[in-house]
Amino acid sequence: MDGLHDLGGKQGFGRVAYPERPHDETWEPALRALSACAVRGHIYNMDEFRHAIERMAPRHYLTAAYFERHLTAVATLLVEKGLVTREELEILAGGGVPLAGPIGPGRPPAPPQSFAVGETVRVKTEYVSGHVRLPAYIRGKTGVVVAITPAYPFPDAAGHGMQAPMEPTYDVRFRSRDLWADTCDDAMNHVGVFQSYLEKVGEG
């Protein structure tokens with residue numbers, strides 16, 4: 001999903017402000033515990049949680065603090081899963097409760113294929129309206145597979161409540177200058193990439 005949340009590789013946002021304490025408010029660790037219980041209880045999965053944050057209105061996303069985004073995601077998913085109503089939340093909050101936008105369709109994985117360690121691969125140039133775990137800055141770029149990492153549920157399906165098959169992920173090494181041309185030092189960048197996001201060089 002192309003949105004404001006995908007800030008990887010982008011510049012101009014200044015230094016990251018690290019808090020002196022991990023939690024400024026008592027409700028923040030309680031929210032983390034609530035979300036962990038929801039995931040463990042199979043009320044929603046982590047990809048659904050991430051996508052709920054991605055679906056926040058741009059202005060809300062940019063002005064919300066880290067845990068406010070989490071709160072919006074949890075509230076949205078609990079309403080969508082039928083565990084609580086928006087009206088009930090607003091009564092408890094004593095006012096409006098902003099929720100993320102509606103969820104759209106997901107997509108199944110690409111036909112199975114495999115890549116070998118040492119093989120040169122290219123990241124597909126795809127623009128997906130729903131949830132996707134592909135950083136935009138590697139789209140269309142070529143790298144080398146250096147390791148095969150554990151399989152996970154395909155996020156483009158899992159983030160939409162669809163049946164999500166397990167899919168291998170690959171540790172792909174990119175040259176930084178191939179990603180950002182002359183705006184960076186010469187280095188190697190490693191990205192974990194799902195199988196469906198890759199294609200063999202010479203295809204596509």
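From the N terminus on, the elements of the chain follow the order α-α-α-α-α-β-β-α-β-α-β-β. In this predicted model, the chain holds seven helices and five strands. The strands form an open sheet with antiparallel pairing, and helix α1 offers a clear case of a helix with a buried side and a face turned away from it.

**Overall dimensions and burial**

- Taken along the principal axes, the C-alpha atoms of the chain fill a box of roughly 60 × 40 × 25 Å.
- Of the 204 residues in the chain, 35% are buried.
- The chain exposes about 12000 Å², and 57% of this area is supplied by carbon and sulfur atoms.
- When contacts between residues at least 6 apart in sequence are considered, 63% of them join residues at least 24 apart.

**Helix α1**

- Helix α1 comprises the 14 residues 27-40. At 1.5 Å a residue, a span of 20 Å is expected, and the end C-alpha atoms are 20 Å apart, so the two values agree.
- The buried residues of α1 are Glu28, Leu31, Ser35 and Ala38.
- Seen down the axis of α1, these buried residues fall within an arc of 80°, and they therefore line one face of the helix.
- Packing of the buried residues of α1 is against two other helices, α2 (46-54) and α4 (66-80).
- On the face of α1 turned away from the buried side, the exposed residues are Cys37 and Arg40.
- After α1 comes histidine 42, which has a positive phi, near 60°.

**The β-sheet**

- The five strands of the open sheet are arranged in the order β4-β3-β2-β1-β5, and their pairing is antiparallel.
- Strands β4 (188-194) and β5 (198-200) are the edge strands, each of which pairs on one side only.
- From one strand to the next, the twist averages 40°.
- In general, the strands of a sheet pair through backbone hydrogen bonds, in either a parallel or an antiparallel sense.

**The pairing of β3 and β4**

- Strand β3 covers residues 166-175, and its antiparallel pairing with β4 extends over seven bridges.
- Within this part of the sheet, valine 172 stands opposite valine 191, a residue of β4.
- Because β4 is an edge strand, which pairs on one side only, its partner in the sheet order is β3.

Notes:
Residues numbered from 1 in each chain as written. Predicted model: local features only at pLDDT ≥ 70, side-chain atom pairs only at ≥ 80, totals over all residues. Heavy atoms only, no water. Helix = DSSP H or I, 4+ residues; strand = E, 2+ residues; numbered from the N terminus. Expected span 1.5 Å × (residues − 1). Buried < 20%, exposed > 50% of the residue type's maximum accessible area, 1.4 Å probe, protein only. Arc of directions from axis to C-beta. Contact = heavy atoms within 4.5 Å. Pairing = 2+ DSSP bridges. Axes fitted to C-alpha atoms, helices over the stretch in contact; angles between N-to-C directions. Areas by Shrake-Rupley, 256 points an atom, 1.4 Å probe, with all protein chains shown as cover.
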